[in-house]
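Here are a few notes from my read-through, in the order I'd go through them with the model open. Have a look and see whether you read it the way I do.

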Amino acid sequence: MTSRDTGAGERVATPAPPPGVSVSPPPPPVSPAARVLIGPIRFYRAFISPLLGPRCRFEPSCSAYGLEAIAVHGAARGLWLTVRRIGRCHPFHPGGYDPVPPRPVGSHDETQGS
């Protein structure tokens, strides 16, 4: 068992992952630019989307994809991925499962030294 902080100053026991299972690191904190982009998407999801009904041909929906892409990849790349996804949303595309690509681990990753 390991423990984690709940943010309220208390520690909660969490089970350790099974041997051989890798645990992905938490996503990086959201930048101010990303927060500016997330605001209109949340507004759309709360007020406009319920009026239009379920229309998305993709799983996850385009708005959920946008929120995740911006949170995982940051403002610039997340916006680019979201615009590309919305561009694929037309009657001639079959749709289906289209997850956000994982964050690449490269030489410019801040968690690696150098």
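Which residue follows α2, and what is the sign of its phi? That would be Gly74, with a positive phi near 90°. Keep in mind throughout that this is a predicted model.

1. Start with the helix itself. α2 takes in residues 62-73, 12 residues in all. At 1.5 Å a residue the helix should span 16 Å, and its end C-alpha atoms are indeed 16 Å apart, so the expected span and the model agree.

2. Next, what α2 packs on. Its buried residues are Cys62, Ser63, Tyr65, Gly66, Leu67, Ala69, Ile70 and His73. These pack against three elements: α1 (32-52), β3 (58-59) and α3 (75-87).

3. Now the core. The largest nonpolar core has six residues: Ala34, Ile38, Ile41, Leu67, Ile70 and Ala75. Two elements, α1 and α2, each give two or more residues to this core, and the largest share, three residues, comes from α1. As background, nonpolar side chains tend to be buried together in soluble globular proteins.

4. Ile70 is worth a click. Setting aside neighbours within four places in sequence, Ile70 is in contact with Ala34, Leu37, Ile38, Ile41, Ala75, Gly78 and Leu79. Recall that Ile70 is one of the buried residues of α2 and also belongs to the largest nonpolar core.

5. Over on α3, look at Thr82. Is Thr82 buried or exposed? Its relative accessible area is 8%, under the 20% cut-off, so Thr82 counts as buried. Again leaving out neighbours within four places in sequence, Thr82 is in contact with Tyr65, Gly66 and Ala69. Those three are also on the list of buried residues in α2.

6. Last, the cysteines. How many disulfides are there? The count is zero. Cys56 is in no disulfide, and the nearest cysteine sulfur, 3.7 Å away, is that of Cys62. Seen from the other side, the closest cysteine sulfur to that of Cys62 is in Cys56, and 3.7 Å is too far for a bond because the cut-off is within 2.5 Å. The two also fall into separate accessibility classes: Cys56, at 35% relative accessibility, counts as partly exposed, while Cys62, at 14%, counts as buried.

Technical notes. Residues numbered from 1 in each chain as written. Predicted model: local features only at pLDDT ≥ 70, side-chain atom pairs only at ≥ 80, totals over all residues. Heavy atoms only, no water. Helix = DSSP H or I, 4+ residues; strand = E, 2+ residues; numbered from the N terminus. Expected span 1.5 Å × (residues − 1). Buried < 20%, exposed > 50% of the residue type's maximum accessible area, 1.4 Å probe, protein only. Contact = heavy atoms within 4.5 Å. Core = buried A, V, L, I, M, F, W, Y, C linked by side-chain atoms within 4.5 Å.
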